[in-house]
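I opened this notebook to keep track of what I looked up in one structure, entry by entry. The entries begin with burial and pairing and move on to the surface.

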Amino acid sequence: MSYKIYAGTQTAVGEWDTKACIYDPAAEDLRTTATMLISPTLTREAGKAGSLEFTIPLGNIAHSALQKLKTIVEVEQDGKTLWRGRVMSHEMDFYLRQKVYCEGELAYFNDSSLVPYKYTDISIKEFLAKVISNHNGQTDRYKRFTLGIVNVFENGPQESFQTVYMGGCRPMHHRDSDGDNEYWLEDADKRWICDTNGATFPAGEYINRDNAIRIVSYDGIYHGYQLYTVERNIAYKNGNFYSLSATQKDSKYIYTVDTTPLTGWKLTDDGAIQLYDSSTGSWSTCTGYYLHDFDASTNEALDFGDGKNFGTTWDILQSELTDVYGGYFAVRYSDDGKTRYLDYLADDGITETNPQSVEFGVNMLDLTNYVKAEDIVTQVIAVGYKSKGWWIFKSTKTISQTAYDFEAQKVYGVITKVIVLDGKASTNQKLLDAANEELRRCQQRYLEGIEVSAVDLHDAGIDVERLGWMKKTRVISKPHGLDTLLLLSKVVEPLDAPQKKRFTFGTSFYSISDLQALSSHKASLAYSMSLSAAGYLNGAK
C-alpha cells in the first residue's frame with residue numbers, strides 16, 4: 001500500500017497549473033527527504049467535506065509554500081485519487097513546524113451565495129441544478145460542479161419507467177354534418193389517437209386527452225402530411241405496460257402510473273411494441289412506436305424559497321434539501337478527472353457493497369455502539385391571521401393550529417416550536433399543513449452508529465478489495481448479536497499508520513419506536529461487549 005500527497009494550484013477542474021509531491025513514505029531515507037510529513041490523517045464522512053491534517057517539518061518542500069484557500073491538496077492511494085481539498089489554515093509552532101488543516105471539495109460551496117430566491121413547481125433535481133449553476137457563475141473554474149446522480153425524492157424512492165412515443169402521427173380534418181371543422185391525430189397505421197382543439201399542434205403542448213398526453217415534437221412534412229411525435233398515455237416498467245395519466249399541478253404536469261398491467265400491449269424480444277386485436281385474435285406491430293426513458297427525478301412540483309431566503313450555497317443546500325429530505329451529498333469524478341459531479345444520494349439509494357466484511361475474530365479490533373438525537377421538536381404551533389368583513393367593519397384575528405408527535409412526547413416530553421405565517425388569509429387547514437410540514441422538517445433524527453476499529457484485510461496483504469467508503473458493508477459479531485449490512489459512513493485514516501484506521505458504520509432511524517427497540521437491549525449489549533472484548537484480547541496474547 002502506498003499513500004502520496006500532492007499540493008499545487010489548478011486552473012480548472014482536473015487541470016493543474018503547478019503540482020508537487022509533498023508526502024511519499026516510499027521515498028528513500030524518509031528521515032532526510034523533502035517529502036516527509038508528521039501524522040497525516042485523512043477523515044472522510046458521509047455528507048461532509050471531510051478533512052486532511054498534517055504537520056510540515058522544516059525541510060519539506062511545502063514548508064511555508066502552502067497558500068490558504070488557494071492551494072489544492074490531493075491524497076493518492078495506489079496511484080488512484082482518494083480525496084481532494086484545499087488548505088484552510090496553517091499554524092507555526094515553537095519548532096517551526098507548520099500544522100496544516102485542509103477541507104474537502106464540498107466546502108467550495110461556502111464560496112458562493114444565493115440572493116433572495118423563489119422557485120415554484122420544480123423537482124429536487126431541478127432545484128439542485130439551479131443552485132449549482134448559480135455557484136458556478138460566482139466561483140473560479142476549478143471550483144465548479146456538474147449535476148450528477150439525484151435519487152432523493154419528496155415521497156421516497158421513485159420507480160423508473162418509460163413512456164410510449166409515437167412517431168409519424170398525422171393531423172386529420174373533415175367537416176361534420178353541420179359543416180363544422182373537426183381535427184384529430186392518427187398514428188402511422190391510421191389508428192385514431194385523440195381529438196384536438198384546432199388545426200395547430202404546438203410542439204411540447206400537453207393535450208392530455210383521450211389516448212395522448214402531449215405533442216412531443218413537430219417532425220416536418222412527408223408526402224404532403226405534417227408529421228408529429230406524440231407521447232401516449234401508456235407507460236412501461238418491469239416487463240409490463242400500464243395506463244399513464246398526467247395531472248396538472250400549477251404550471252407542471254405530474255405523471256402517475258397505474259398499478260394494473262395492460263393485457264393488450266406487449267414488447268417483443270427485438271423491442272417492437274405490439275397491440276392485440278380482439279377482432280382477429282392476433283398481435284400487430286405498431287409502426288413508429290418506441291419507448292422513451294422518463295426522468296422520474298423531475299416528476300415533482302415543489303416550491304423552494306419565498307423570495308426572502310438567501311445565504312451561502314452550502315447553507316441553502318442543507319436547509320432546503322438534506323435537512324428536509326435527508327440523503328447525502330457526494331463528490332464524484334469522471335474517468336478522465338476533468339468533470340466533478342455533485343451526487344445527491346438517498347439513504348436507501350446507496351446499493352454498492354464492499355466484498356470484504358468486518359467480522360469479530362477476523363479483522364474487527366474494537367466496537368462501540370452509540371445513539372444521538374439532534375434538534376428534537378415534539379410539537380409545532382403555526383400562527384396566522386384571518387380577516388373578515390369589509391371597509392370599516394373589517395377585523396383581523398389571530399388563529400393557530402398545532403401538529404403533535406405523541407410518540408416523541410412520551411419519551412422526551414413536550415418541546416414546542418412556533419412558526420408565524422405571513423398574510424391575512426390564513427385558514428385552519430393551511431396552518432395545520434404548515435405545522436405538519438415544519439414538524440417534518442424538525443423531525444427528530446436518531447443516528448444509530450457502530451464505530452469499529454478494524455484491519456482492512458487488503459492492507460494485511462490479503463487479495464481482497466479495500467473497504468470502500470460510502471459503500472454498504474456486512475458487519476458480523478456473534479457476541480454482540482450483530483450480522484447486518486451497514487453503510488461505511490466515516491473513515492479516519494492515519495496515512496502513516498493504516499493499521500489504526502477507524503471505521504464508522506451507521507444508519508438512520510426516524511421513529512421513536514425504532515429508538516425504543518434499540519434502547520431495550522443496550523445494557524445487555526454493553527455487558528456482552530465487555531466480556532467479548534476481554535475474551536478476544538486474552539486469547540490474542
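**Entry 1: a cut-off, and the pair it is needed for.** I first wrote down the cut-offs for burial: a residue is buried under 20% relative accessible area, exposed over 50%, and partly exposed in between. The model I am reading is predicted. With those limits in hand I looked up Asp78, which has 40% relative accessibility and therefore counts as partly exposed. I then turned to the partner of Asp78, because the side chains of Asp78 and Arg466 meet in a salt bridge, with 2.5 Å from N to O. The pair ties together distant parts of the chain, 388 residues apart: Asp78 sits in the loop between strand 5 (72–77) and strand 6, and Arg466 in the loop between strand 30 (445–454) and strand 31 (472–477). Arg466 has a relative accessibility of 16%, so I entered Arg466 as buried.

**Entry 2: the whole chain.** I stepped back to the protein as a whole and noted 6 helices and 33 strands in its secondary structure. The protein has 541 residues, of which 42% count as buried. I also looked at contacts between residues at least 6 apart in sequence, and found that 60% of them join residues at least 24 apart. The exposed area of the protein is about 27800 Å², and carbon and sulfur atoms supply 50% of it.

**Entry 3: further salt bridges.** How many salt bridges does a search of the whole structure find? The search returned 25. I kept in mind that side chains of opposite charge can pair when their charged atoms come close. One of the pairs I followed up is Glu186 with Arg170, whose closest N and O atoms are 2.8 Å apart. This pair too links distant parts of the chain, since I located Glu186 in strand 11 (residues 181–186) and Arg170 in strand 10 (residues 161–175), 16 residues apart. Both Glu186 and Arg170 are buried.

I next read off the salt bridge between the side chains of Asp483 and Arg474, at 2.9 Å from N to O. Here Asp483 has 47% relative accessibility and so counts as partly exposed, and Arg474, at 42%, likewise counts as partly exposed. I also recorded one network, in which salt bridges that share partners join Arg86, Glu103, Asp111, Asp140 and Lys143.

**Entry 4: Lys143, a member of that network.** I traced Lys143 to the loop between helix 1 (124–136) and strand 9 (146–150). Is Lys143 buried or exposed? Its relative accessibility is 9%, and Lys143 therefore counts as buried. Setting aside residues up to four places away in sequence, I listed Arg86, Tyr108, Asp111, His135 and Arg340 as residues that Lys143 touches.

**Entry 5: Thr120 and Gly311.** I found Thr120 in strand 8 (residues 113–122), and I noted Thr120 as partly exposed because its relative accessibility is 41%. Leaving aside neighbours within four places in sequence, Thr120 is in contact with Leu302 and Asp303. I also took the separation between the C-alpha atoms of Thr120 and Lys252, which is 9.5 Å, while the two residues are 132 residues apart along the chain.

Gly311 has its place in strand 22 (residues 302–312) and is buried, with a relative accessible area of 17%. Which residues does Gly311 touch, not counting those up to four places away in sequence? I read them as Ser113, Leu114 and Ile316. For Gly311 and Ser113, which are 198 residues apart along the chain, the C-alpha atoms are separated by 5.4 Å.

**Entry 6: two surface patches.** I looked up a nonpolar patch on the surface, formed by Leu58, Met92 and Leu96, whose accessible area together is about 300 Å². Met92 lies in strand 6 (residues 80–92), and its relative accessibility of 45% is why I entered Met92 as partly exposed.

I then noted a negative surface patch made up of Asp178, Asp180, Glu182, Asp195 and Asp210. I placed Asp210 in the loop between strand 13 (206–209) and strand 14 (212–222), and because its relative accessibility is 39%, Asp210 counts as partly exposed.

Methods:
Residues numbered from 1 in each chain as written. Predicted model: local features only at pLDDT ≥ 70, side-chain atom pairs only at ≥ 80, totals over all residues. Heavy atoms only, no water. Patch = residues over 30% accessible without salt bridge, like charges linked within 9 Å, V, L, I, M, F, W, Y side chains within 5 Å. Areas by Shrake-Rupley, 256 points an atom, 1.4 Å probe, with all protein chains shown as cover. Salt bridge = Lys/Arg side-chain N within 4 Å of Asp/Glu carboxyl O. Lys, Arg positive; Asp, Glu negative; His and termini not counted. Charge placed at Lys NZ, Arg CZ, Asp CG, Glu CD. Helix = DSSP H or I, 4+ residues; strand = E, 2+ residues; numbered from the N terminus. Buried < 20%, exposed > 50% of the residue type's maximum accessible area, 1.4 Å probe, protein only. Contact = heavy atoms within 4.5 Å.
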